[in-house]
Amino acid sequence: MELNQAQQKAVTHIYENEGTYLVAPMGSGKTVTALTAIHELLRDEVVTRVLIVSTKRICNEVWPNEPAKWPHLSVQVTACTGNPAQRLNVLQSPEAVVAVNFENLAWLMAQEESKTFDMLVIDESTKMKSNGAATKAIRHKLAQFVVRLSMTGTPVSENLEQLFYQIMLVDGGVAFGRSKDNFKRRYYDKDPYSDFKWDIKEGAAGKMIDSFKHLIASLPAYDSELPPITQEILRVELPPMARVVYDRMEKDMIVDGVVAVNAAVLVNKLQQIACGFAYDEDHEAKLYHMAKIDLARQLDGPAVWIYQFDWERAQLEALVNQDDLIIHPKSAGHGLDLTGYSRMVFMSPVWSRDLTQQCIARIWRRGQTKACSVITLVGRDTVEEEIVRREADKATHHEILMARLKKK
């Protein structure tokens, strides 16, 4: 196997620049692209030791196994996971390429051995879209990294504001500065009626994207190579009694021993009721309807079923046959190949565009030979319709960015 022209161009960008923001759709080959750049930079002694940051499963299962698939690669990746003693043993070894999970990054950067790394690779930069522990652990030590590479397929899975920390970790604050408050004042207007809402200024999106376009390397989508896919929303009517419960919960934030202590909990409880149940204060599931389960029962044939709540999983386990697969969206991440299936059913909409797209990419990816279908069950006139609408708005932010980058 050989790299395609787009991958080779991206490798050159990574090699020739201190910072690269690699925008690559799922399945487009960003891992081998990064490994090829790492291979060349180590070979030419531009860098001496590389730190890869990713999820634990990807650190253990994907990065260490990918080099063997490509004859031109001579690098080896060692996972820095496990207990502290095991991780320290990896750090103190001569391994040139080390992969650590996001949760252990702060620990690693506190070790003396962290100073030996001079190249940083962030696999899925949206995991560091906020100033969390992982971001804080690395942002003040960026100067030690001669080369910095961040990768993602969905740079703005929610809104353009989440680009701030992602880009800072690539260029150290050149494009957006180092103050999030100053960044927001530059590109956003504060809503006079809210302490928390900021609206992006007219024309600011383009200016924001143009300020870091020089950092971008991209790999094209390969959708045209795949079989067709259809995505359908099936709206489910809540039975009359369930509608009464739903409306009372929405109005009073309490019904039948189910309590919502704040707005975030209320949204969660409303979605539960839309699904057919709700957890009370003892985490016991109260049954209100089976409308979604009844509809799911009519969907014949093998499928990948996506659940969010344990109650949904229990219902599905009693419903589906041995040819079906039941998974949670957080378990359907990078590297999982489910092309043996061509249909996916979301029992309820997921309030994360990134997770939704990751799930779909498990069946609609290279190696798929059949037309695919994705079905999402949505309670009519419930908060689930709002979730679907907001996810469409987030998709628009992503499309704005990608369209702007094509003009690069």
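## A buried phenylalanine pair

Phe176 and Phe183 are both buried. This is a predicted model. The ring centres of Phe176 and Phe183 lie 4.9 Å apart, with the planes at 55°, so the pair counts as tilted. Planes must be over 60 degrees apart to count as edge-to-face.

## Aromatic cluster and a charge over a ring

The structure contains 12 aromatic pairs. One aromatic cluster brings together Tyr21, Phe164, Tyr165, Phe176, Phe183, Tyr187, Tyr188 and Phe212. The buried residues Phe176 and Phe183 are thus named among the cluster members.

Trp107 has a charged partner. The charged end of Arg87 sits over the Trp107 ring, 4.3 Å from the ring centre.

## Strand β1

Strand β1 spans residues 19-23, and 5 of its 5 residues are buried, so the strand is largely enclosed by the rest of the structure. In a regular strand, side chains alternate between the two faces of the sheet. Both faces of β1 are covered. Gly19, Tyr21 and Val23 are buried on one side. Thr20 and Leu22 are buried on the other. Tyr21 also belongs to the aromatic cluster.

## Neighbours of β1

β1 pairs with strand β6 (residues 147-152) in the parallel sense, over 5 bridges. Gly19 stands opposite Arg148 of β6.

β1 also runs parallel to strand β9 (residues 216-218), joined to it by 3 bridges. Here Leu22 has Ala217 of β9 as its bridge partner.

Notes. Residues numbered from 1 in each chain as written. Predicted model: local features only at pLDDT ≥ 70, side-chain atom pairs only at ≥ 80, totals over all residues. Heavy atoms only, no water. Phe/Tyr/Trp six-rings, centres within 6.5 Å; stacked < 30°, edge-to-face > 60°. Buried < 20%, exposed > 50% of the residue type's maximum accessible area, 1.4 Å probe, protein only. Lys NZ or Arg CZ within 6 Å of the ring centre and 35° of its normal. Helix = DSSP H or I, 4+ residues; strand = E, 2+ residues; numbered from the N terminus. Pairing = 2+ DSSP bridges.
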